[in-house]
Amino acid sequence: FNIAPFSGSVLSWLDGGVSSSSEQTKDEAKLWVSRLDAMGGTNLYGALEYAFNDPDVDTIYLLSDGEPSVGDLIDPQLIRDDIADRNKNRGIEINTIAIGTGLQVLEWLAEDSGGIYIEVQ
């Protein structure tokens, strides 16, 4: 697994991620996440692109608190169409979590890929 926060750009916790989830690895991931701060825009498409560029990815958990606002694609319908097209041969399950408000694009991404969509207040 790996963690890739996205705002104006997309970062990653580790290059290539990790293949096992030992207690030590989980603790390191939690510590890294606890140090993250909100940093501006929402590069939703960039985060999805990042995940799709990893040939080992089979499941994505995507959390967002806002509509796409920066990156190569920001129109929700265009993001949906592009990701659905990319996912035809990959079969990646995309599970999404909308934080604070419902986000149609996250609902679509989960629906189109067989994932689960939830909203958290």
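Is Glu49 buried, partly exposed or exposed, and what is its relative accessibility? Glu49 counts as partly exposed, with a relative accessibility of 22%. Keep that residue in mind as we go through the close-ups below, which are taken from a predicted model.

**View 1. Helices α2 and α3 pack side by side.** The two helices, α2 (44-52) and α3 (residues 76-87), meet at an angle of about 5 degrees, and their axes are 11 Å apart. An angle of that kind makes α2 roughly parallel to α3. From α2, the contact is built by Leu44, Tyr45, Leu48, Glu49 and Phe52. From α3, Ile79, Asp82, Ile83, Arg86 and Asn87 take part. Sorted by class, the contact holds six nonpolar residues, one polar residue and three charged residues.

**View 2. A salt-bridge network joins Glu49, Asp82 and Arg86.** Zooming in on the charged side chains, we find Glu49 and Arg86 meeting in a salt bridge, at 3.4 Å from N to O. This pair links distant parts of the chain, with Glu49 in helix α2, Arg86 in helix α3, and their positions 37 residues apart. Arg86 also forms a salt bridge with Asp82, where the closest N and O atoms are 2.8 Å apart. Here both partners, Asp82 and Arg86, belong to helix α3 and sit four residues apart, about one turn of the helix. Why does that spacing suit a pair in one helix? An α-helix has 3.6 residues a turn, so residues three or four places apart point the same way. As for exposure, Asp82 counts as partly exposed at 24% relative accessibility, and Arg86 counts as partly exposed at 28%. Glu49, as we saw at the start, is partly exposed too, at 22%.

**View 3. Asp85 and Lys88 form another salt bridge.** The closest N and O atoms of this pair are 3.6 Å apart. Asp85 counts as partly exposed, with 47% relative accessibility, whereas Lys88, at 65%, counts as exposed. For the model as a whole, the count comes to six salt bridges.

**View 4. Helix α2 is mostly covered.** How many of the nine residues of α2 are buried? Seven of them are, namely Leu44, Tyr45, Gly46, Ala47, Leu48, Ala51 and Phe52. These buried residues pack against several elements: strand β1 (59-64), helix α3, strand β2 (93-99) and helix α4 (104-113). With respect to the strands, α2 lies across β1 and β2, and runs at about 165 degrees to β1.

**View 5. Three strands make an open, parallel sheet.** The strand order is β1-β2-β3, and the pairing is parallel. β1 and β3 (117-120) stand at the edges, and each has a single partner strand, so one side of each is left without a neighbour in the sheet. On average, neighbouring strands of this sheet are turned by 15 degrees against each other, direction ignored. Looking at one pair in detail, β1 and β2 pair in the parallel sense over six bridges. One example to look for is Tyr61, whose bridge partner in β2 is Asn95.

**View 6. Ser64 and Thr42 touch each other.** Ser64 lies in strand β1, and at 4% relative accessibility Ser64 counts as buried. Not counting residues up to four places away in sequence, Ser64 touches Phe6, Thr42, Leu44, Ile97, Ala98, Ile99, Leu103 and Leu106. Its partner Thr42 sits in the loop between α1 (23-34) and α2. Is Thr42 buried or exposed? Thr42 is buried, and has a relative accessible area of 10%. Leaving aside neighbours within four places in sequence, Thr42 is in contact with Phe6, Ser7, Ser64, Gly66, Glu67, Pro68, Ser69 and Val70. Phe6 is listed among the contacts of Thr42 and also among those of Ser64.

Technical notes: Residues are numbered from 1 along each chain as its sequence is written. This is a predicted model: local features need pLDDT of at least 70, side-chain atom pairs count only at pLDDT 80 or more; totals for chains, interfaces and linings use all residues. Side-chain values use heavy atoms; hydrogens and water are left out. Buried means under 20% relative accessible area, exposed over 50%, partly exposed in between (1.4 Å probe, protein chains only). Contact means heavy atoms within 4.5 Å. Axes are lines fitted to C-alpha atoms, for helices over the stretch in contact, and angles run from 0 to 180 degrees between N-to-C directions. Angles under 35 degrees count as roughly parallel, over 145 as roughly antiparallel, 65 to 115 as roughly perpendicular and the rest as oblique. Ala, Val, Leu, Ile, Met, Phe, Trp, Tyr, Cys and Pro count as nonpolar, Asp, Glu, Lys and Arg as charged, and the others, Gly among them, as polar. A salt bridge is a side-chain nitrogen of Lys or Arg within 4 Å of a carboxyl oxygen of Asp or Glu. Two strands pair if DSSP finds at least two bridges between them.
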